[in-house]
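Thank you all for making the time this morning. I would like to walk you through one structure, and I will go slowly, for those who have not met it before.

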Amino acid sequence: MTDSLWWRSAAVYQVYVRSFADCDGDGIGDLAGIRSRLPYLRDLGVDALWLTPFYASPMVDGGYDVADYRRVDPAFGDLDDFDAMIADAHAAGLRIIVDVVPNHTSSAHPWFLAALAAAPGSTERERYLFRDGRGPDGAEPPNDWQSIFGGPAWTRVEDGQWYLHLFDPAQPDLNWRNPEVRAEFEDVLRFWLDRGVDGFRIDVAHGMIKAEGLPDVGPVPGGRQIGLLGKARLPYFDQDEVHEIYRAWRPILDSYPGDRMAVAEAWAETPQRLARYIGPDELHQAFNFDFLDATFTADSFRKVIDGSLAEADLVGAPTTWVLSNHDKPRHVTRYGDGPAGLHRARAAALLMLALPGSAYLYQGEELGLPEVLDLPDECRQDPAFPRTGESRDGCRVPVPWSGTAPPFGFGPEGGAPAWLPAPATWREYTVEAQTGDPGSTLELYRAALRVRRDQPALRDGTLRWLEAEPDVLAFVREGDDGSAIACVVNLSGAPVTVPVAGRPLVASAPLDASGSVTHATPAVLAPETAVWLELSSVG
Ligand code: GLC
């Protein structure tokens, strides 16, 4: 990997800060906790960390409601902790990507407090989207937009005006047509770039500009506008003008040494429209949620892989892959939960890590963690839960590190209970329990990430599909140096013939009765299993 291209093929590990490691014993993960676990992350073999928001926040939406973009929330530490963490990360060869949340602030942000205190039409209100209501007394919301967390996207304030919040009422949307808003965020980017961050993950990157006049969406099938995401353009998403913002941000990133990058959390109705966020004058990458949404079948994965690679070709950028994040049920559970779900998740991980581009891993997936489905309702903190009955808390349960009882080394002995309880069954998932066990998911990830790092073919190699039986995905990555690695994934329920001869490097399940993965070329591949083979001559 050449230094300047680090993000093109990076394995990026998402740290959900609240749930990663608690150093000060308050039951909430923190920056010092991340710092203490950097050796673990270095040994795991990832290239970069993406930290979810750790800024000053009332935590209505887990920190995606920011009250001060330049301050660390006391629950997570302070700026000195950040500086110490990033210095150690860089020394360990790990890059740091931080979240930027530009679509909305917290309702506790000084700008919003000033807007509430000011009169309709004031410059303070102009930073947000305040409007008069409809109906005789203005008692109806200004339009029919719905919040992604359920209910109307408008809340009325004392003097009768309404403000827009695409998410929780505690997350008022900013007015990105206001130059003051643009200048503020450009300064926030510089603040963190000056502190050494290697990149940004841009939250709701497609949402900042709303269609002129805030037109109604109109009736939608199923009644929930959010269901249209990615399938139809909504007046509050993916508006052409949003690209002006990124064209202003890119020169800022480029003005810093060391190849700083930005990845968009963007949704668009077609791959072509998503590709518009990426390029030399906009952002470096966008998340590819189609891979996460694919079902565990050869057809579904193949369609997404071909579509994503074609889309990346359109803009000459590498694609990204993701199986889990802090907003979606963990993929072990999506694939069927229990041992069967884990077996499939391990095969999917080898598929993802063999594809060209960068892979975003979510903390705990390297441990094979399932979604926690039976959290008591009173523990759930997702603001969507009371309104929709859906909650993202089950994928945010703190990481189990060691020991035999909750919270499994998440915090120091005698500390406060973790903010979400881990199930007692997680004793078998701890880092301690899995370390050194060749059959564990942790050792599978370590082995795969090591091979991915060491093999130029997996870093920068081209991808060529091989002929294979139905329900089998087989492709070769070929490096410039003549090296070649094949990835074969059997997505069927029966053993299949391996279509290429080579030396197994990593497999998601034992390849023969002896449990060996370093055996000579396997003739058959067990159901729902993946293997990487080093090819001596390309087949
Ligand atoms: C993004 C985040 C999600 C958050 C939302 C609002 O989708 O990933 O966690 O709730 O934005 O900021």
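**The ligand and its surroundings**

Let me begin with Asp-327, where an N or O atom of the side chain lies 2.5 Å from an oxygen atom of the ligand. Before I go further, please keep in mind that this is a predicted model. Glu-265 also reaches the ligand, with a polar side-chain atom 2.7 Å from one of the ligand's oxygen atoms, and Arg-201 has an N or O atom in its side chain at 3.0 Å from an oxygen atom of the ligand. As for how much of the ligand is covered, the ligand taken alone exposes 310 Å², and the protein buries 96% of that.

Which residues come nearest to the ligand? There are 14 residues around it, and the ones that come nearest are Asp-61, Asp-203, Glu-265, His-326 and Asp-327. If we sort the shell by character, we find 7 charged residues, 3 polar ones and 4 nonpolar ones.

Let me turn now to the aromatic rings. The structure holds 32 aromatic pairs, and one of them is formed by Tyr-13 and Phe-20, an edge-to-face pair with 6.0 Å from centre to centre and 75° between the planes. Both Tyr-13 and Phe-20 are buried.

A second pair is Phe-291 with Trp-321, and you may ask why this pair is edge-to-face. The ring centres are 5.2 Å apart and the planes stand at 65°, so the pair is edge-to-face, given that angles over 60 degrees are counted that way. This pair links distant parts of the chain, since Phe-291 belongs to helix H8, residues 289-293, while Trp-321 belongs to strand S12, residues 320-322, and the two are 30 residues apart. Phe-291 is buried, with a relative accessible area of 0%, and Trp-321 counts as buried at 0% relative accessibility.

Rings also gather in a group: Tyr-69, Trp-176, Phe-185, Tyr-246, Trp-249 and Tyr-277 are linked by ring pairs into a cluster.

Charges meet rings here as well. The charged end of Arg-302 sits over the ring of Trp-465, at 3.9 Å from its centre, and Arg-334 lies over the face of Tyr-335, with 5.7 Å to the ring centre.

Let me also point out Arg-346, which is placed in helix H11, residues 338-354. Is Arg-346 buried or exposed? With a relative accessible area of 11%, Arg-346 is buried, because buried means under 20%. Measuring from C-alpha to C-alpha in the model, Arg-346 and Asp-281 are 37 Å apart in space, and they are 65 residues apart in sequence.

Finally, a few words on the backbone. Most residues other than glycine have a negative phi, and most peptide bonds are trans. Against that background, Asp-259 has a positive phi of about 60° although it is not a glycine; Asp-259 is found in the loop between helix H6 (242-254) and strand S10 (261-264), and it is partly exposed, with a relative accessible area of 24%. Asp-337 likewise has a positive phi, near 60°, and its place is in the loop between helix H10 (331-334) and H11, where Asp-337 is partly exposed at 26% relative accessible area. The peptide bond from Pro-406 to Pro-407 is cis, with omega near 5°, and Pro-407 lies in the loop between helix H12 (385-388) and helix H13 (431-434).

Definitions and conventions. Residues numbered from 1 in each chain as written. Predicted model: local features only at pLDDT ≥ 70, side-chain atom pairs only at ≥ 80, totals over all residues. Heavy atoms only, no water. Phe/Tyr/Trp six-rings, centres within 6.5 Å; stacked < 30°, edge-to-face > 60°. Buried < 20%, exposed > 50% of the residue type's maximum accessible area, 1.4 Å probe, protein only. Helix = DSSP H or I, 4+ residues; strand = E, 2+ residues; numbered from the N terminus. Lys NZ or Arg CZ within 6 Å of the ring centre and 35° of its normal. Near = heavy atom within 4 Å. Polar contact = N/O pair within 3.5 Å; in protein donor to acceptor, adjacent residues only side chain to side chain. Areas by Shrake-Rupley, 256 points an atom, 1.4 Å probe, with all protein chains shown as cover. Nonpolar A, V, L, I, M, F, W, Y, C, P; charged D, E, K, R; others polar.
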